[in-house]
Amino acid sequence: MELKALCMKCRNAENKPTMQVMKDPKVEEKNNRYSAKGQCSVCGGNMFKFMSKADAEALK
Ligand SMILES: [Zn+2]
């Protein structure tokens with residue numbers, strides 16, 4: 001499954017963060033909230049995204 005998240009470093013012409021593919025996503029669960037951490041496939045910067053439980057289960 002391909003996971004996309006906003007990358008704060010990859011900005012468009014309007015200087016807004018853009019959606020990029022997350023590399024090596026690691027799913028974390030905390031207080032029943034799911035999130036994924038990984039690296040941007042374009043610039044290698046750290047990425048973070050909150051996810052639904054269903055999406056988190058699909059990534060495991
Ligand atoms: Zn990036």
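**Close-up views of the predicted model**

**View 1. Ala5 has Gln20 as its bridge partner in strand E2.** The model shown is predicted. The bridge between Ala5 and Gln20 belongs to the pairing of strand E1, residues 4-11, with strand E2, residues 17-30, which runs in the antiparallel sense over 5 bridges. In the hairpin that E1 and E2 form, 5 residues lie between the strands, and Asn15 takes a positive phi near 65°.

**View 2. Lys4, in strand E1, is placed beside residues of the E2 region of the chain.** The C-alpha atoms of Lys4 and Gln20 are separated by 5.3 Å, although the two residues are 16 positions apart along the chain. When neighbours within four places in sequence are left aside, the contacts of Lys4 are with Met19, Gln20, Val21 and Met22. Is Lys4 buried, partly exposed or exposed? With 14 other C-beta atoms within 10 Å, Lys4 is partly exposed, because this class covers counts between the limits of 12 or fewer for exposed and 20 or more for buried.

**View 3. Strand E2 also pairs with strand E3, at residues 33-40.** This second pairing of E2 is again described by the antiparallel sense and extends over 7 bridges. Within the pairing, Glu29 stands opposite Tyr34, which lies in E3.

**View 4. The 4 strands make an open sheet in the order E1-E2-E3-E4, with antiparallel pairing.** Strand E1 and strand E4, the latter formed by residues 46-51, stand at the edges and have a single partner strand each, so one side of each is left without a neighbour in the sheet. Neighbouring strands of the sheet are turned against each other by 40° on average, with direction ignored.

**View 5. Seven residues, namely Ala5, Cys7, Met22, Ala36, Cys40, Met47 and Met51, constitute the largest nonpolar core.** To this core, E1, E3 and E4 each supply at least two residues. Cys40, one of the core residues, is in contact with Cys7, Lys9, Cys10, Gln20, Met22, Gly45 and Met47 once its neighbours within four places in sequence are left aside. Among these contacts of Cys40, Cys7, Met22 and Met47 are themselves listed in the core.

**View 6. Ala56 lies in helix H1, which covers residues 53-59.** Not counting residues up to four places away in sequence, Ala56 touches Val27, Tyr34 and Met51; of these, Tyr34 is the residue of E3 that stands opposite Glu29, and Met51 belongs to the largest nonpolar core. Ala56 is partly exposed, having 18 other C-beta atoms within 10 Å, because at least 20 would be needed for it to count as buried. Pro17, by contrast with the residues that Ala56 touches, is 23 Å from Ala56, C-alpha to C-alpha, and the two are 39 residues apart in sequence.

**View 7. The whole chain, shown for orientation, contains 1 helix and 4 strands.** Read along the sequence, these elements follow the pattern β-β-β-β-α. The C-alpha trace spans about 35 × 20 × 15 Å along its principal axes. The protein has 60 residues, of which 13% count as buried. Among the contacts with a separation of 6 or more, 29% are made between residues 24 or more positions apart.

Key:
Residues are numbered from 1 along each chain as its sequence is written. This is a predicted model: local features need pLDDT of at least 70, side-chain atom pairs count only at pLDDT 80 or more; totals for chains, interfaces and linings use all residues. Two strands pair if DSSP finds at least two bridges between them. Axes are lines fitted to C-alpha atoms, for helices over the stretch in contact, and angles run from 0 to 180 degrees between N-to-C directions. Two residues are in contact if their C-beta atoms, placed from the backbone, lie within 7 Å. A nonpolar core is a set of buried Ala, Val, Leu, Ile, Met, Phe, Trp, Tyr and Cys residues joined through C-beta atoms within 7 Å.
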